[in-house]
Amino acid sequence: MRKFQQIINSYKRKYNWILILVYLMAAVSLYLLFAGLYFIPHVLTKTRFYELFLFGLALRITYGLLLIYLILRAYNSLIDRIQAARLLDRYNDDKHDTYQNALELLECNKTKDEDVLDLLYLQADKKAEKQIVKPDLSRLKRVSLPSLLVVVSSLLFLAIAPKPYLDSWSRFTANRMREP
């Protein structure tokens, strides 16, 4: 494997792991947010068991649909090697698209002019030797603060009222309605 292919694969792997982490944080935050949304009416109206059960069920169904959406969105956002090469060329402000062209020609397997291809591969390898791979962390930064706020607020609810919060949590996750 050539040096530029290793750089492209490394960038692709890092980019995709960050993307998966972003969507995982969003999924956990949504679940905690919905559990918190259930906690408020649970504390205020403890005698309306049937309505609370239906409200919790509606929240869990909504969460399930949003989770499916997040999974599909994450899957469609993952990048392949060509997209990683394009992003690296854009990051390097390379107007000749060296990585993308070298990768496409390498995967093409057509031997038109081996000397020109070897020169292009050599140029891409030279560029890869000084390449510093820094994945884009803007998505992670954008979702980390709201996720942190949701986790802290959930922990705050748990610290202030542990028994009602845990009771609310068990009722929120229950598959059957139960009386007190």
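1. A crossing of two helices is called left-handed if the near helix is turned anticlockwise from the far one by less than a right angle, and right-handed if it is turned clockwise. In this predicted model, the crossing of helices H2 and H7 is right-handed.

2. The two helices of that crossing are H2, which covers residues 49-77, and H7, which covers residues 162-173, and their axes come within 8 Å and cross at roughly 70°. Angles of 65 to 115 degrees count as roughly perpendicular, and H2 and H7 are therefore roughly perpendicular to each other. On the H2 side the meeting residues are Phe 49, Gly 56, Leu 59 and Arg 60, while H7 brings Arg 171, Phe 172 and Thr 173. Sorted by class, this contact of H2 with H7 has three nonpolar, two polar and two charged residues.

3. Phe 172, which is found in helix H7, deserves a separate look. With a relative accessibility of 1%, Phe 172 counts as buried, and, not counting residues up to four places away in sequence, Phe 172 touches Tyr 31, Phe 34, Ala 35, Tyr 38, Gly 56, Leu 59 and Arg 60. One of these partners, Tyr 38, is 134 residues from Phe 172 along the chain, yet the C-alpha atoms of the two are separated by 6.8 Å.

4. As for helix H2 itself, its 29 residues should span 42 Å at 1.5 Å a residue, and its end C-alpha atoms are 41 Å apart, which agrees. The buried residues of H2 are Phe 49, Leu 52, Phe 53, Gly 56, Leu 59, Arg 60, Tyr 63, Leu 70, Ala 74 and Ser 77. What covers these buried residues includes H1, helix H6 (138-160) and H7.

5. A second pair to examine is helix H1 (residues 3-44) with helix H3 (residues 81-91), whose axes come within 9 Å and cross at roughly 100°. That angle makes H1 roughly perpendicular to H3. The contact is made by Gln 5, Ile 7, Ile 8, Asn 9, Tyr 11, Lys 12 and Tyr 15 on H1, and by Arg 81, Ala 84, Ala 85, Leu 87 and Leu 88 on H3. The residues of this contact of H1 with H3 divide into eight nonpolar, two polar and two charged.

6. Two residues of H1 can be described individually, beginning with Ile 8, which is buried with a relative accessible area of 0%. Leaving aside its neighbours within four places in sequence, Ile 8 is in contact with Arg 81, Ala 84, Ala 85, Leu 88, Tyr 99 and Leu 103. The C-alpha atoms of Ile 8 and Arg 60, which are 52 residues apart along the chain, are separated by 40 Å.

7. Asn 16, also placed in helix H1, has a relative accessibility of 11% and counts as buried, since buried means under 20% relative accessible area. When its neighbours within four places in sequence are left aside, Asn 16 is in contact with Leu 78 and Ile 79.

8. A last point concerns backbone geometry at Asp 97, which lies in the loop between H3 and helix H4 (98-108). Most residues other than glycine have a negative phi, whereas phi of Asp 97 is near 50°, a positive value in a residue other than glycine. Asp 97 is partly exposed, with a relative accessible area of 30%.

Methods:
Residues numbered from 1 in each chain as written. Predicted model: local features only at pLDDT ≥ 70, side-chain atom pairs only at ≥ 80, totals over all residues. Heavy atoms only, no water. Axes fitted to C-alpha atoms, helices over the stretch in contact; angles between N-to-C directions. Helix = DSSP H or I, 4+ residues; strand = E, 2+ residues; numbered from the N terminus. Parallel < 35°, antiparallel > 145°, perpendicular 65-115°, else oblique. Contact = heavy atoms within 4.5 Å. Nonpolar A, V, L, I, M, F, W, Y, C, P; charged D, E, K, R; others polar. Expected span 1.5 Å × (residues − 1). Buried < 20%, exposed > 50% of the residue type's maximum accessible area, 1.4 Å probe, protein only.
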